[in-house]
Amino acid sequence: MPSAPPLTTGEKLMLIPKAFFALGSLSYALLTRPLASSPRPVDFFRDAVFAAMRSFLSNISTAQEQASQSSTEAEYLAVSKYKHYAPDTDVLDSGLRVHWLGPKLSRSTILFLHGGGFNLAASAGHVEWLWELKNDLAQQASISVVIPSYTLAPEGQYPLQLQQAAETLQWLVEKQGKSPGNIILAGDSAGGNLSLAVLSHLLHPHPDVPEIKLREPLAAAVLISPWARFVSNDVSVTKNQRSDMVTVAAAKRWSSNYLGTAKLDYYNQPADADEQWFSGLDKRVKDIFVYAGGGEILIDSIEAFVKKLKQSHPRVQYVVQPGVAHDDIILDKVLGYKKKADGTKLIESWIAQRCQVLGY
């Protein structure tokens, strides 16, 4: 991802009142927590941080947001240095850069599509979570992780990110010699949306994306808090507005930047797909694990999507962690929590079982 353009003096100055509003939201959350009747985060620290994040995400501009963060590659390099890992990056024919965690010659590979509303790069939390997941799984299986630095919106818009994800998957098979039956497709939030777009593309080749040719089904797909519907009037959007850090304003900005002039369709909004859309998916991916938090504003749309998915695929496991927010297992790493999240334990165990069944 190219560096975000520098902020103007005016844009920098406007960050000051936004920061004060965020601090005010943080203080208000702590003061009102004992009186709260609606769902709130599971501890005081998350409650305060989420309140500040909601304020900031609802009021910040795309330019301010992107100027305040690093690229996916920069975070990958920073974590690699911290972990004393020799970074390994490949450049695909299109120029897309993909980053490895673990040995390229591993028998199985997790293709991970990171979240961030399609507007934000992978965080250090993403890379650390994947590093630890890879290390723990490596005790039971030969496994590696690949993280594409897909183009962020609004610089790149739908279906460019789907083209890049499809290119990476085909590259793993054709150039890296990976068997599809040993590839696990995974993603969180917007990366979950993109993973679903890849699965839809395997079933119904997108007219603007080269077809993916696989000789056998993928081993599995892991969808973490998938962004299955961009903006909605679901009950959970209102019910969980104070137990989550994602806001409707942020979701509208991110999805608008991502879609550009494109229309909604079943590739980018799978919760609205008809009942036949996922028919035959069990012939494209053997097993699917969907993880979500009961405190997410997106939980109703995830429920709607999973219901349709289960009608077409007999091996879908769906787990909702009560009370937790959107993408909590990644956010825990961002916030500095050291304890392995329950959701991480579930995902690790599920992937390990697939490895054992397949003999790797």
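I take contact to mean heavy atoms within 4.5 Å, and I keep in mind throughout that I am reading a predicted model.

**Entry 1, His201.** I looked up His201 first and found this residue in helix H7. His201 has a relative accessible area of 1%, so I note it as buried, the cut-off being under 20%. Setting aside neighbours within four places in sequence, I list its contacts as Leu162, Ala166, His206, Val209, Pro210, Glu211, Ile212 and Tyr267.

**Entry 2, H6 against H7.** I then turned to the helix pair that includes His201. Helix H6 (residues 160-174) packs with H7 at an angle of about 70°, and their axes are 10 Å apart. Because angles of 65 to 115 degrees count as roughly perpendicular, I describe H6 as roughly perpendicular to H7. On the H6 side I find Gln161, Leu162, Ala165, Ala166 and Leu169, which meet Leu194, Ala197, Val198 and His201 of H7. Sorted by class, this contact holds seven nonpolar residues, two polar ones and no charged ones. I also recorded the crossing of H6 past H7 as right-handed.

**Entry 3, the core.** What is the size of the largest nonpolar core, and which residues have the most contacts inside it? I find 103 residues in this core, and those with the most contacts inside it are Ile110, Val290, Phe305 and Ile351. Helix H7, spanning residues 190-203, gives the most to the core, with eight residues. I followed up Val290, which, not counting residues up to four places away in sequence, touches Leu223, Pro226, Ile302, Phe305, Val306, Leu309, Val316, Gln317, Tyr318 and Val319.

**Entry 4, H4 against H5.** For a second helix pair I took helix H4 (residues 72-82) and helix H5 (residues 124-137), whose axes come within 9 Å and cross at roughly 50°. At that angle I call H4 oblique to H5, because roughly parallel would need an angle under 35 degrees and roughly perpendicular one of 65 to 115. The crossing of H4 and H5 is right-handed. Glu75, Tyr76 and Val79 in H4 meet Ala124, Val127 and Glu128 in H5, and I count these contact residues by class as four nonpolar, no polar and two charged.

**Entry 5, Thr62.** Is Thr62 buried or exposed? Thr62, which lies in helix H3 (residues 62-67), has a relative accessible area of 15%, so I enter it as buried. Leaving aside neighbours within four places in sequence, I find Thr62 in contact with Asn119, Pro154, Arg253 and Asn257. I also noted that Thr62 and Trp254 are 192 residues apart in sequence, while their C-alpha atoms are 8.3 Å apart in space.

Notes
Residues numbered from 1 in each chain as written. Predicted model: local features only at pLDDT ≥ 70, side-chain atom pairs only at ≥ 80, totals over all residues. Heavy atoms only, no water. Buried < 20%, exposed > 50% of the residue type's maximum accessible area, 1.4 Å probe, protein only. Core = buried A, V, L, I, M, F, W, Y, C linked by side-chain atoms within 4.5 Å. Axes fitted to C-alpha atoms, helices over the stretch in contact; angles between N-to-C directions. Parallel < 35°, antiparallel > 145°, perpendicular 65-115°, else oblique. Left-handed = near helix turned anticlockwise from the far one by under 90°. Nonpolar A, V, L, I, M, F, W, Y, C, P; charged D, E, K, R; others polar.
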